[in-house]
Amino acid sequence: MHDPALTLRGAVHSDLRQCSSERCRCRSGELHGPYTYLSVYGDGRSRTVYVPQALAAVTSEHVEATRRGEALMAEISQVNLELLRRRALR
Ligand SMILES: [Zn+2]
């Protein structure tokens, strides 16, 4: 099973941003970034969390490992459902 301490559910994405300074170069299209964000859905709402550059790679790894772990659990659940239908669940 996937290590609970490494579990991180969400979607990692990168985005370019415009800052609040009126005279910044980003106002003429030279946007800042790319910055990394993690979008997380839970408790009926979604949140987007900024991911510092130094943590971007490890965050992506944890999200991907969590996705694979959940896909595996879904697969195992399907097998167990089939076993239950055949009354062979142990
Ligand atoms: Zn700017």
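Cys 19 has a relative accessibility of 29% and is therefore classed as partly exposed, whereas Cys 24, at 18%, falls in the buried class, the boundary for which lies at 20%. These values, like those that follow, were computed from a predicted model. The count of disulfides in this model comes to 0, where a pair of cysteine sulfur atoms would have to lie within 2.5 Å to be included.

Charged side chains give another picture, with a count of 7 salt bridges. Among them is the pair formed by Arg 9 and Glu 70, whose closest N and O atoms are 2.6 Å apart. This pair joins distant parts of the chain, since Arg 9 belongs to the segment that precedes strand β1 (11–17), while Glu 70 is located in helix α1 (residues 53–85), at a separation of 61 residues. The two partners were assigned to separate accessibility classes: Arg 9 is exposed, its relative accessible area being 57%, and Glu 70 is partly exposed at 33%.

A further salt bridge is found between Glu 64 and Arg 67, for which the closest N and O atoms are 2.8 Å apart. Both residues lie in helix α1, and because they are 3 residues apart there, about one helical turn separates them. Glu 64 is partly exposed, with a relative accessible area of 31%, and Arg 67 is likewise partly exposed, with a value of 48%. The pairing of Glu 64 with Arg 67 does not stand in isolation, as Arg 68 joins these two residues in a network of salt bridges.

Glu 82 and Arg 86 also form a salt bridge, the distance between their closest N and O atoms being 3.3 Å, which is within the 4 Å limit applied to such pairs. Glu 82 is partly exposed, with a relative accessible area of 31%, whereas Arg 86, at 59%, is exposed, the exposed class being reserved for values over 50%.

In general, side chains of opposite charge can pair when their charged atoms come close. In the predicted model, such pairing is represented both by a contact between distant parts of the chain, that of Arg 9 with Glu 70, and by a contact across about one helical turn, that of Glu 64 with Arg 67 in helix α1.

How values were computed: Residues are numbered from 1 along each chain as its sequence is written. This is a predicted model: local features need pLDDT of at least 70, side-chain atom pairs count only at pLDDT 80 or more; totals for chains, interfaces and linings use all residues. Side-chain values use heavy atoms; hydrogens and water are left out. Helices (H or I, at least four residues) and strands (E, at least two) are DSSP runs, numbered from the N terminus. Buried means under 20% relative accessible area, exposed over 50%, partly exposed in between (1.4 Å probe, protein chains only).
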